[in-house]
Amino acid sequence: MIKKHWYIAVEFFFVLSGYLLMQHVEHNRDESIGIYLRKRVSRLYPEYLLAFIVMACIRAYSIHLNIAKVIIPNWLEVLMLQNIGTGKYDFVNSPAWYVSSLLISSLVLFYMLREHRKAFLEFIAPIGIIVIISYLYREYASLDLYCQIEKFYLNAAIMRALLGMILGIYVFLISQQESVIRFINKFRGMCIILEISLFCGALAFATLVEDREYDYFILALFAIGVLLASLDGHLGRVCKIKIIKWLDELSYSAFLCHNAVLVLGFYVLKIFPWQLSGYSVVLFIVFTLILSSIYHYSCKGIVQLIKTKGIFK
């Protein structure tokens, strides 16, 4: 899976992000897009910026270049807008494409849900799913897309994010239906088995099947799995476990810093990312947790200090 389908896990987080976005919209009906944007940026940006600076330093050192010459040409990435549709794909911190796509897609979907909810859910979103899948499958087959931009409106990374998040939105809406809730309560045992089977099946399928045309099938498994997990309460109960809560707290930083760990691993251990196995995987996980802890808790401390000084509320 590390070699062939490492990218497919992102689809799970897009679906989950769509689910949580719809949940947020339902519980904050009067929130403006400006307030939503401020909340999202204040949550995402500190660790994002630190990860960018670290990777900029690594790149500048590795190619013997002044760090300003690395940062200035990538000013869009500094602003989390590298996936806006400029056609540039030489990212400094390549995993951060996900954050850019997530932020841009979240704003689009938040606006549509706030201002055009009925038209969006009943017409625009269903048509959008069909159009996006048709285009991406025809042009690329795989969902391993993060910098393929033909034109501003043919942005494969944003399409990938929108597809997963729209599915997540519908997963949330389905989970709120009384008939669905009654069905789950009546056949809870069967649904739990099905839920476990779906996630295990998605993992096994991604590991054993090399044909990337099945990415959309795995995406569907993730969506159904999230639906069942939310309905039977497992999602909430698992998230309350202390070790899971800690890993969840570090997950964003871990995603942002894993590229730095891979690059440093290459320089120190002379191991390419696609050669990870056994001992090197354990080292990769350990160093990722260490570096993500440094990212997260240092940024958390700085933000808290700024708040106490009254620079922003």
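In this predicted model, H1 and H10 sit oblique to each other, because their axes cross at roughly 45°. That pair is a handy way into a protein chain that has 13 helices and zero strands. Along the sequence the pattern reads α-α-α-α-α-α-α-α-α-α-α-α-α. The chain runs to 313 residues, and 42% of them count as buried. Among contacts with a separation of 6 or more, 74% link residues 24 or more positions apart.

**H1 against H10**

- Helix H1 covers residues 9–27 and helix H10 covers residues 215–231, and their axes come within 9 Å.
- The crossing of H1 with H10 is right-handed.
- On the H1 side, the contact uses Glu11, Phe12, Val15, Leu16 and Tyr19. Across from them, H10 supplies Leu219, Phe222, Ala223, Val226 and Ser230.
- Sorted by character, the residues of this H1–H10 contact come out as eight nonpolar, one polar and one charged.

**H9 against H10**

- H10 also packs with helix H9 (residues 188–208), and here too the axes come within 9 Å.
- The H9 and H10 axes cross at roughly 150°, and angles over 145 degrees count as roughly antiparallel, so H9 and H10 fall in that class.
- H9 and H10 make a left-handed crossing.
- From H9, the contact takes in Arg188, Cys191, Leu194, Glu195, Leu198, Phe199, Gly201, Ala202, Phe205 and Ala206. From H10 come Phe217, Ile218, Leu221, Phe222, Ile224, Gly225, Val226, Leu228, Ala229 and Leu231.
- The tally for the H9–H10 contact is 16 nonpolar, two polar and two charged residues.
- Phe222 and Val226 of H10 turn up in the contact with H1, and Phe222 and Val226 are also listed in the contact with H9.

**The nonpolar core**

- The largest nonpolar core holds 81 residues. Those touching the most other members are Phe14, Val99, Leu109, Phe120, Leu136 and Ile169.
- Helix H7 (residues 156–175) gives this core its largest share, with 14 residues.
- As general background, nonpolar side chains tend to be buried together in soluble globular proteins.
- Take Phe120 as one of those well-connected members. Setting aside neighbours within four places in sequence, Phe120 is in contact with Leu109, Met112, Leu113, Ala125, Pro126, Ile166, Ile169 and Tyr170.
- Two of the Phe120 partners, Leu109 and Ile169, are themselves on the list of residues that touch the most other core members.

**Glu47 and Tyr252**

- Glu47 belongs to helix H2 (residues 33–62). With a relative accessibility of 5%, Glu47 counts as buried, because the cut-off for that label is under 20%.
- Beyond its neighbours within four places in sequence, Glu47 is in contact with Tyr252, Ser253, Leu256, Tyr295, His296 and Cys299.
- Tyr252, from that set, is placed in helix H12 (residues 242–269). Tyr252 is buried as well, at 11% relative accessibility.
- Leaving out residues up to four places away in sequence, Tyr252 touches Arg43, Leu44, Glu47, Tyr48 and Val99.
- Tyr252 and Leu44 are 208 residues apart along the chain, yet their C-alpha atoms are separated by 8.4 Å.
- Val99, touched by Tyr252, is also one of the residues with the most contacts to other members of the largest nonpolar core.

**Positive phi outside glycine**

- His64 is not a glycine, but has a positive phi of about 55°. His64 lies in the loop between H2 and H3 and counts as exposed, at 74% relative accessibility.
- Met80 is another non-glycine residue with a positive phi, near 65°. Met80 is found in the loop between helix H4 (75–78) and helix H5 (97–115).
- Unlike His64, which counts as exposed, Met80 counts as buried, with 2% relative accessibility.

**Lys69 in H3**

- Lys69 is part of helix H3 (residues 67–71) and is exposed, with a relative accessible area of 58%.
- Between Lys69 and Ala56 there are 9.5 Å in space, C-alpha to C-alpha, and the two are 13 residues apart in sequence.

Note on methods
Residues numbered from 1 in each chain as written. Predicted model: local features only at pLDDT ≥ 70, side-chain atom pairs only at ≥ 80, totals over all residues. Heavy atoms only, no water. Axes fitted to C-alpha atoms, helices over the stretch in contact; angles between N-to-C directions. Helix = DSSP H or I, 4+ residues; strand = E, 2+ residues; numbered from the N terminus. Parallel < 35°, antiparallel > 145°, perpendicular 65-115°, else oblique. Left-handed = near helix turned anticlockwise from the far one by under 90°. Contact = heavy atoms within 4.5 Å. Nonpolar A, V, L, I, M, F, W, Y, C, P; charged D, E, K, R; others polar. Core = buried A, V, L, I, M, F, W, Y, C linked by side-chain atoms within 4.5 Å. Buried < 20%, exposed > 50% of the residue type's maximum accessible area, 1.4 Å probe, protein only.
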